[in-house]
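Reader: Please take me on a close tour of one part of this model, starting from where the chains meet and working inwards. I work at the bench, so kindly explain each term with its cut-offs as you go.

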Number of protein chains: 2
Amino acid sequence: MTKQPAGASMPFSVPEGDAYAQLLQLVVRGDLAPGTKLTEPALALRLGLSRTPVREAMQRLQLEGLLVPAGGGERPRVAVAPLDIDEARAVYQTTGLLEGAGARAVSEWPVLLRRTLATALRLADQEFRDVARAKAPDPALLFARHHAFHQRIVDETATSVSRALLHSLGPRLARYEWFHGPLLQLAGLPFAPTYDEHQAIVVAVRSGSADDVERAIRANWTNAAERLAEAITRARAAIGGG
Amino acid sequence: MTKQPAGASMPFSVPEGDAYAQLLQLVVRGDLAPGTKLTEPALALRLGLSRTPVREAMQRLQLEGLLVPAGGGERPRVAVAPLDIDEARAVYQTTGLLEGAGARAVSEWPVLLRRTLATALRLADQEFRDVARAKAPDPALLFARHHAFHQRIVDETATSVSRALLHSLGPRLARYEWFHGPLLQLAGLPFAPTYDEHQAIVVAVRSGSADDVERAIRANWTNAAERLAEAITRARAAIGGG
DNA sequence: GGGTCCTATAATGTATACCTTTTTATCGCG
DNA sequence: CGCGATAAAAAGGTATACATTATAGGACCC
């Protein structure tokens with residue numbers, strides 16, 4: 001039973017103890033396969049905690065959609081939510097919707113602030129590229145750098161309301177993003193389109209056009225979903241169609 | 001200690017026991033004033049439950065934004081979230097964003113389905129008007145009927161992802177909606193604009209234009225926020241500016 | 001031999017006990 | 001009289017015990 005420190009590669013806040021963080025990590029990284037039925041006692045044993053914190057973590061992850069009701073159940077039984085391309089599309093699209101709508105606000109910023117944000121985003125994207133260009137990028141680092149780019153946009157432009165929604169959407173997004181990068185490589189697909197789209201976001205932020213910013217962000221997420229779908233298809237074909 | 005049945009006027013699902021429903025009701029209806037500091041033992045006593053389910057309900061309501069961290073606190077203390085016009089605007093706007101984006105899907109429906117939905121919405125709006133036209137509308141019923149109109153749109157058009165987000169936004173929205181109607185009356189403002197906007201939604205759904213549908217829904221929520229803000233201003237002036 | 005009922009096991013929901021930490025109030029000192 | 005330190009009270013985090021219920025397996029009856 002390998003207990004890794006939870007927060008290292010998980011850029012999420014961890015309000016309650018670390019039962020949530022640990023369980024989140026197990027699901028996001030796929031250590032608990034989709035469809036796996038979970039029981040409070042078993043998980044408590046595995047995490048070395050009592051049922052109480054584990055139960056709270058399970059309830060939260062259920063609200064966030066990473067755990068779903070299982071069985072024909074009258075009495076609640078939960079399982080790890082299945083992975084689904086259509087759901088991934090919806091998650092990516094909705095992320096783009098919220099992130100894009102919030103980022104429209106830059107159009108009312110003074111030029112200097114916009115430039116500062118644009119520069120910060122350019123640097124964040126550069127750090128992402130630095131990781132992505134490696135022969136065998138560390139998935140955790142790749143994830144973290146990409147997350148940091150978009151998180152910067154959210155932090156600076158989103159209202160508390162949409163920030164909260166994006167936060168609750170985060171775990172589901174993270175789960176798909178987690179193997180997005182590695183899967184691209186496995187499928188032999190390039191990162192270049194992502195670079196270009198990030199660059200378009202930077203340019204739009206600098207220009208200050210609300211429509212352009214929103215369009216660029218939405219396009220980035222929509223296209224990312226399609227890239228993910230394509231990568232899954234190709235990877236499945238390459239490996240032999242599980 | 002008056003214990004009212006929880007689900008009667010609260011069109012929300014109530015997964016866990018009724019601690020959540022009870023506490024939700026207390027906050028939404030204002031029985032617990034904004035800013036009120038809550039402790040688990042006190043609430044457990046008040047609700048006639050033990051700390052465990054109360055604690056879970058408090059954690060969920062905190063995720064949903066109805067409870068917020070209080071005090072300069074190192075150790076978590078929570079209080080009922082303050083009411084804030086700007087937050088209300090963000091809640092309404094984001095609701096419109098998600099509901100509107102989902103409803104674009106009707107443009108790809110067969111005509112017959114669109115007509116069916118349009119008719120259902122027209123009837124739902126009619127039931128809302130029936131309540132709103134009364135001299136002293138029952139706030140709970142007014143709330144329920146208005147909620148039903150929009151919920152119908154969400155149920156028929158939203159993806160599971162945006163549905164989940166709207167669901168988690170629901171409590172905050174409900175809190176503002178709860179006194180929106182009564183406040184309009186208090187301020188001597190008419191319901192007519194709402195009728196018109198609902199009608200515009202119905203027409204757009206029937207027509208099948210994605211842009212029109214989205215525009216109509218967004219406008220409805222944006223305008224509703226402005227009406228709420230105006231009603232608050234007027235009511236405050238009329239009563240004497242608390 | 002198959003189906004149904006019953007029993008036993010196990011999991012969820014709730015309650016309570018324990019421990020740590022924080023906060024507050026009181027007492028003492030400057 | 002005020003400020004600080006210490007002690008007591010209280011609240012959050014966790015663990016565990018208890019009650020209820022569902023499910024699975026086996027035995028008995030048809």
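Author: Happily! The contact draws 19 residues from chain A and 19 residues from chain B, with two residues in contact if their backbone-placed C-beta atoms lie within 7 Å. This is a predicted model, where local features need pLDDT of at least 70, side-chain atom pairs count only at pLDDT 80 or more, and totals for chains, interfaces and linings use all residues. Residues are numbered from 1 along each chain as its sequence is written, while chains are lettered from A and ligands numbered from 1 in the order written.

On the side of chain A that touches chain B, the elements giving two or more residues are α3, α4 (85–103) and α7 (160–178) of chain A; helices (H or I, at least four residues) and strands (E, at least two) are DSSP runs numbered from the N terminus. Among these, α7(A) gives the largest share of that side, 7 residues.

What about the two copies as a pair? The copies meet through the same surface, because 100% of the interface residues of chain A are also interface residues in chain B. Chain A superposes on chain B (by least squares on C-alpha atoms with pLDDT of at least 70 in both) after a rotation of 180 degrees with 0.0 Å of shift along its axis, and the RMSD is 0.0 Å. The two copies are thus related as by a two-fold rotation axis.

Now let us follow α3 inwards. Helix α3 of chain A, residues 51–63, lies across β1, β2 and β3 of chain A. Those 3 strands form an open antiparallel sheet in the order β1-β3-β2, where two strands pair if DSSP finds at least two bridges between them. At the edges of the chain A sheet sit β1 (37–38) and β2 (67–69), each pairing on one side only. Strand β1(A) is joined by 2 bridges to β3 (residues 78–80) of chain A, and the two run antiparallel. Within this sheet, A:K37 stands opposite A:A79 in β3(A).

Chain B shows a sheet to set beside it. Its 3 strands also give an open sheet with antiparallel pairing in the order β1-β3-β2, and 2 bridges join β1(B) to β3(B). There, B:L38 stands opposite B:V78 in β3(B). Helix α3 of chain B, residues 51–63, lies across β1, β2 and β3 of chain B.

Next comes α1 of chain A, a mostly covered helix (residues 19–28) with 8 of its 10 residues buried, that is, with 20 or more other C-beta atoms within 10 Å of their own (12 or fewer is exposed, in between is partly exposed). The buried ones in α1(A) include A:Y20, A:L23, A:L24 and A:V27. Its buried residues pack against α2 (40–47), α3, β3 and α7 of chain A, and α3 and α7 are among the helices named above for the side facing chain B. Just after α1(A), A:G30 takes a positive phi of about 80 degrees.

One residue of α1(A) deserves a longer look. A:L23 touches A:L43, A:A57, A:M58 and A:L61, leaving aside residues up to four places away in sequence. In the largest nonpolar core (buried Ala, Val, Leu, Ile, Met, Phe, Trp, Tyr and Cys joined through C-beta atoms within 7 Å), which has 126 residues, A:L23, B:L23 and B:V27 touch the most other members.

Definitions and conventions
Axes are lines fitted to C-alpha atoms, for helices over the stretch in contact, and angles run from 0 to 180 degrees between N-to-C directions.
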